[in-house]
Amino acid sequence: MLTVCDLTVSVGPETSPVDIVAGVSFGLAKGEILGLVGESGCGKSMTSLAVMGLLPQPGPRVRAGRVLLEGCDVTQLQPWQRVEAGHGRMAMIFQEPMTSLNPVRRIGDQIAEAVRVHEGISGAAALVRARELLELVRMPDPKMQLSAYPHQLSGGQRQRVMIAIALACRPQVLVADEPTTALDVTIQVQILGLLRELCNRLDMAILFITHDMGVIAQLADRVAVMYAGRIVETASVGALFGAPRHHYTRGLMDCMPSRNSGARRLPTISGQPPLPGTVAAGCVFALRCAAVRDECRVAPPPRLEASQGHEVLCAFPLAGGGLP
Amino acid sequence: MSGNVILKVRDMMVSFSARRAGRKYRVQAVDGVSLSLAEGEVLGIVGESGCGKTTLGRTLVGLVQPDSGNINLKGTELIGAGGSGLREMRLSVRMVFQDPNASLNPRRAIGDSVAEAADISGIFKSRAERSAAIAATLTAVGLNPSFAARYPYELSGGQRQRVGIARAILPTPSIIVADEPVSALDVSVQAQVLNLMMDLRDQLRLSMLFISHDLGVIGQISSRVAVMYMGRIVEQAGTRTVLDHPLHPYTRALVAAIPKPDPSERIQGAIEMGEPPSLFTRPHGCAYAPRCPMASDRCLVDVPQLRSVGADGRTIACHNV
């Protein structure tokens, strides 16, 4: 469905570019949810914007690599060119729905606008479809809410509206960038349930970006862990949580309070993630890795296949014995 | 746990006036909260956004004036105590804010920000004493003393939050009110800052009111938890009791909604647990009744009061438990 090969996103002058996403590759199958997880600044949002063709301009650019939607390269196409070329069936939702919605237009009109762009139907028919979409996202009282303004809705309801707008193009791929981070856990659990349901019902693939390992465990089928612009580990969600092979993944899981209930102190990962452009030769995680060896500082680590479908970017990965 | 009680809050009410659609409303942010805090104890306050947990914390440090109620700190009544009471409150009850970027003055050197409260109260006799105190405080929060001469933009998010903690502990307070102190931090940095706060709690015998929406974080640091909903405490008990055996239907929903970092413990199927009602249209009776699967007729008219249930000092406000 969606294949990303060696995607490299850079900032700075052409002569000395700084790679903020460095050679990211992953695939997304029909109806699959891939979780892309990492800390702030690791390049996960830039990856999602590059996939959508929404990188801010002027600014970061795709320097190398390809984004293939059903075999067609859409890397250099702007969003409207994608729609014209018939590759418009991708949509994105963001963290803060209030900044994505127009505050002075009714919800129904905003959904209908997206419907008209993608389906070329009249205003009245588009409003009917808008109401169907609100029902699809389980909005309470959808008929009434068509005429509501964004400020009259709660945060969870606004995110449902954003999902309805995203569904207007009948997407094959939905890119969700931290869609539940600004929501309370009680609302988050409902939105995650909704995304899972839509994924099954509409056979839609979801690229789900988050910093929260708990959300990943609840939702994703497969996981890609990003660090300093690189994917350092990819595995099925069961394999990753059962036996992480990269030291960073293991560190991330260990320092979650909810995995440590009762422990006196939390394990930590020392130091900070490196700034883009400051990574010298060798492994990007070498500076913070507890199991670092001399080789790690010299040569970039190989991408090893730990088991079927479980890849790790590390010369000395953890044994697959599972967590204690 | 039952050590010396140093802070007692009774029946605190806080409201704000707001305007909506041309009409004036009175929004009751904190609706009769009572709590106590013992020396060296961390009380976690948890609830959804808008439940009044931040307003409660801000009232304790004197940033918000309550409509009524008492705050008693080590036997001294702080509400209505005037200038000296406020001064006492501001030096012994200190706050750590969520966003260290917003709470540090970008044009002020770190050392000056850290010493601000002490400077105002005039406790330093000499410049040398001041520099020594700043250096000691920065060291206590795990920063190099040379950071005193730096500016906030030179620091990472985790380092800034350490500065936020440093300025709360100089001069040494008895109580820290920490309002979502690790929510803006990445998980690896969050663990470092939580460890620091636990160290300070033990070394300085600090009491803390730890406000967070994250039950995982609360479970790590606090010994007791109070769950707030629509301005009221609905359940309070020891941390493990609340997290492992929640009784109030709202606490049960909150605990069930935590995304567990284990794919084998997935929440199955669609979950409907509703949304908090608007503060402008507060339900009669129990505020949770419209969302509650156990609600009976009585819940719609009669506001449940906190009462003791079972062991571990548990109190709960529900008719049906």
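Helices (H or I, at least four residues) and strands (E, at least two) are DSSP runs, numbered from the N terminus. The structure used in these exercises is a predicted model, in which local features need pLDDT of at least 70 and side-chain atom pairs count only at pLDDT 80 or more, while totals for chains, interfaces and linings use all residues. Residues are numbered from 1 along each chain as its sequence is written, and chains are lettered from A and ligands numbered from 1 in the order in which they are written.

**Exercise 1. Backbone angles in chain A**

Find where Asp6(A) lies, and decide whether Asp6(A) is buried or exposed.

Solution. Begin with the position: Asp6(A) belongs to strand E1, residues 2-11 of chain A. Next, read the backbone angle, since phi of Asp6(A) is near 50 degrees, a positive value in a residue other than glycine. Most residues other than glycine have a negative phi, and most peptide bonds are trans. Then apply the burial rule, by which a residue is buried if 20 or more other C-beta atoms lie within 10 Å of its own, exposed if 12 or fewer, and partly exposed in between, with C-beta atoms placed from the backbone. Asp6(A) has 11 other C-beta atoms within 10 Å and is therefore exposed.

Glu178(A) can be worked in the same steps: its phi is near 50 degrees, again positive in a residue other than glycine, and its place is the loop between strand E7 (173-177) and H8 of chain A. Glu178(A) counts as partly exposed because it has 19 C-beta neighbours inside 10 Å.

**Exercise 2. Cis peptide bonds**

Locate a cis peptide bond in chain A and another in chain B.

Solution. In chain A, the bond from Gln57(A) to Pro58(A) is cis, with omega near -5 degrees, and Pro58(A) sits in the loop between H1 and strand E4 (61-69) of that chain. In chain B, the bond from Leu170(B) to Pro171(B) is cis, with omega near -10 degrees, and Pro171(B) sits in the loop between H6 and strand E7 (175-179) of chain B.

**Exercise 3. Two helix pairs in chain B**

Work out how H4(B) and H5(B) are oriented to each other, and do the same for H6(B) and H7(B).

Solution. Axes are lines fitted to C-alpha atoms, for helices over the stretch in contact, and angles run from 0 to 180 degrees between N-to-C directions. Angles under 35 degrees count as roughly parallel, over 145 as roughly antiparallel, 65 to 115 as roughly perpendicular and the rest as oblique.

- The axes of H4 (residues 110-121) and H5 (residues 127-140) of chain B come within 10 Å and cross at roughly 110 degrees, and H4(B) and H5(B) are therefore roughly perpendicular to each other.
- Where they meet, Gly111(B), Val114(B), Ala115(B) and Ala118(B) of H4(B) touch Arg130(B), Ala133(B), Ile134(B), Thr137(B) and Leu138(B) of H5(B), where two residues are in contact if their C-beta atoms, placed from the backbone, lie within 7 Å.
- H6 (residues 157-169) and H7 (residues 187-204) of chain B pack at about 20 degrees, with their axes 10 Å apart, and H6(B) and H7(B) are therefore roughly parallel to each other.
- Among the residues that make this second contact are Ile165(B) and Ile169(B) of H6(B) and Leu196(B) and Leu200(B) of H7(B).

**Exercise 4. The surroundings of Gly52(B)**

Which residues does Gly52(B) touch, not counting residues up to four places away in sequence?

Solution. First place the residue: Gly52(B) lies in the loop between strand E3 (42-46) and helix H1 (53-60) of chain B. Gly52(B) is buried, because 25 other C-beta atoms lie within 10 Å. The residues it touches are Ala29(B), Val30(B), Met228(B) and Gly231(B). Finally, compare sequence with space: Gly52(B) and Arg232(B) are 180 residues apart in sequence and 8.0 Å apart in space, C-alpha to C-alpha.

**Exercise 5. Where the chains meet**

How many residues of chain B are in contact with chain A, and which helix gives the largest share?

Solution. The count is 33 residues of chain B against 40 residues of chain A. The largest share of the side of chain B that touches chain A comes from H7(B), with 7 residues. By class, this side of chain B has 16 nonpolar, 10 polar and 7 charged residues, where Ala, Val, Leu, Ile, Met, Phe, Trp, Tyr, Cys and Pro count as nonpolar, Asp, Glu, Lys and Arg as charged, and the others, Gly among them, as polar.
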